[in-house]
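Work through the exercises below with the coordinates open. Each task is followed by a stepwise solution.

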Amino acid sequence: VPSNSNEERVSPRKSAPKREFAIRNPDGSMPGPYVWRQFQEGYNWVQDAPPVLVAVAAIIKDTFGETVNHFIIIEYDDPKITVANPHHDKDDQWADGASFFNLSFVEGGATGTPRRFQILNKAKQVVWERALAHNSCLKVDGKTNREFKHAVPPRKDEAHSKRWSIVCRHLVSTMKDSTDPADMRSANYLVTSPQSLQRWGFAPDFAFPFAIDCASIITWKNGTTTHLCDLIDLREKCFYRSLLKNQAVDARDFDLLDAALTWAQENGVGFPASSRAYYHDKIRRLLDSDAATKGVTTEASAAGPVIKKARQD
């Protein structure tokens with residue numbers, strides 16, 4: 001299938017490399033996004049499904065009577081690192097009553113070693129497990145996905161063969177570039193930058209797709225629309241909120257913390273009351289710890305902590 005070198009890994013986390021494809025809707029919109037990425041900029045990395053995936057969709061329709069229009073190809077290239085921890089698939093943008101289908105392909109074909117696929121209950125007990133053979137198709141219906149988690153665990157002592165899976169879904173949400181000039185926007189990057197990306201572990205030459213002059217509009221299942229830049233702006237506000245909060249806590253500064261909490265509230269990303277109390281208490285505990293180390297004690301008052309030198313005998 002066609003490749004996009006930037007899509008090998010959307011973040012520096014050691015997870016399974018993925019590529020994403022979809023069959024366009026009659027109006028030219030792309031099904032999606034399937035919200036699995038760490039960075040929303042990657043929503044535009046969905047590629048047009050090549051003929052082989054269009055054929056897969058036709059076979060699923062003929063065999064199971066279900067429509068699929070979205071595909072994520074995952075490469076399990078490491079026996080320990082590339083895994084799928086127990087999870088439910090996000091189904092809020094699926095067609096009603098839809099299943100997902102998992103096609104498996106094993107390096108070496110029938111002579112390779114397939115990966116195990118598990119279904120787990122709420123107690124995290126494995127209730128079903130199968131090594132998914134080369135060229136097999138597993139159907140997981142929507143009810144099973146909601147009530148049970150599924151996983152691809154690390155290999156144990158068995159020989160390692162690479163595995164490729166094609167996860168097929170039916171999404172009703174769509175993405176399409178608007179033709180209205182008013183929708184051409186750029187995201188407000190408060191934190192994410194080439195420098196911060198390197199601090200977070202991205203390679204220096206990683207071509208991060210900053211949303212500059214972007215007109216991508218998402219239409220969700222319920223009919224509401226969102227500009228891609230609005231999602232990114234919200235994420236950046238959350239990043240900046242955390243940055244301000246961490247600076248205040250590191251400085252043991254109640255005024256800085258209150259300013260950070262006020263900024264967050266005014267910008268629509270406020271902390272709940274329990275979190276506000278937690279971070280105030282955290283600064284008090286850090287001050288107590290600092291004071292104990294320096295041979296002083298602290299007393300809390302309505303005006304904040306009062307630091308007194310310890311009396312020396």
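**Exercise 1.** In this predicted model, determine the order in which four strands form an open sheet, and the sense of their pairing.

Solution.
- Step 1. The strand order reads β5-β10-β7-β8, and the sheet is open.
- Step 2. The pairing is antiparallel.
- Step 3. β5 (84–87) and β8 (126–131) each pair on one side only, which makes them the edge strands.
- Step 4. On average, neighbouring strands here are turned by 15° against each other, direction ignored.

**Exercise 2.** Describe how strand β7 and β8 pair.

Solution.
- Step 1. β7 covers residues 116–120 and joins β8 in the antiparallel sense through five bridges.
- Step 2. To fix the register, take L120: V126 in β8 stands opposite.

**Exercise 3.** Classify the packing of helix α4 against helix α5.

Solution.
- Step 1. α4 spans residues 228–251 and α5 spans residues 254–266; their axes come within 8 Å and cross at roughly 170°.
- Step 2. Angles over 145 degrees count as roughly antiparallel, so α4 is roughly antiparallel to α5.
- Step 3. On the α4 side, the contact involves K237, Y240, R241, L244, K245, A248 and A251; on the α5 side, L256, L257, A260, W263 and A264.
- Step 4. Sorted by type, the contact residues of α4 with α5 give nine nonpolar, three charged and no polar.

**Exercise 4.** Summarise the protein chain as a whole: how many helices and strands does it have, and what share of its residues is buried?

Solution.
- Step 1. There are six helices and 16 strands.
- Step 2. Of the 313 residues, 41% are buried.
- Step 3. The exposed area is about 17000 Å², with 52% supplied by carbon and sulfur atoms.
- Step 4. Among contacts with a separation of 6 or more, 73% join residues 24 or more positions apart.

Technical notes. Residues are numbered from 1 along each chain as its sequence is written. This is a predicted model: local features need pLDDT of at least 70, side-chain atom pairs count only at pLDDT 80 or more; totals for chains, interfaces and linings use all residues. Side-chain values use heavy atoms; hydrogens and water are left out. Two strands pair if DSSP finds at least two bridges between them. Helices (H or I, at least four residues) and strands (E, at least two) are DSSP runs, numbered from the N terminus. Axes are lines fitted to C-alpha atoms, for helices over the stretch in contact, and angles run from 0 to 180 degrees between N-to-C directions. Angles under 35 degrees count as roughly parallel, over 145 as roughly antiparallel, 65 to 115 as roughly perpendicular and the rest as oblique. Contact means heavy atoms within 4.5 Å. Ala, Val, Leu, Ile, Met, Phe, Trp, Tyr, Cys and Pro count as nonpolar, Asp, Glu, Lys and Arg as charged, and the others, Gly among them, as polar. Buried means under 20% relative accessible area, exposed over 50%, partly exposed in between (1.4 Å probe, protein chains only). Accessible areas come from the Shrake-Rupley method with a 1.4 Å probe; for residues, only the protein chains shown count as cover.
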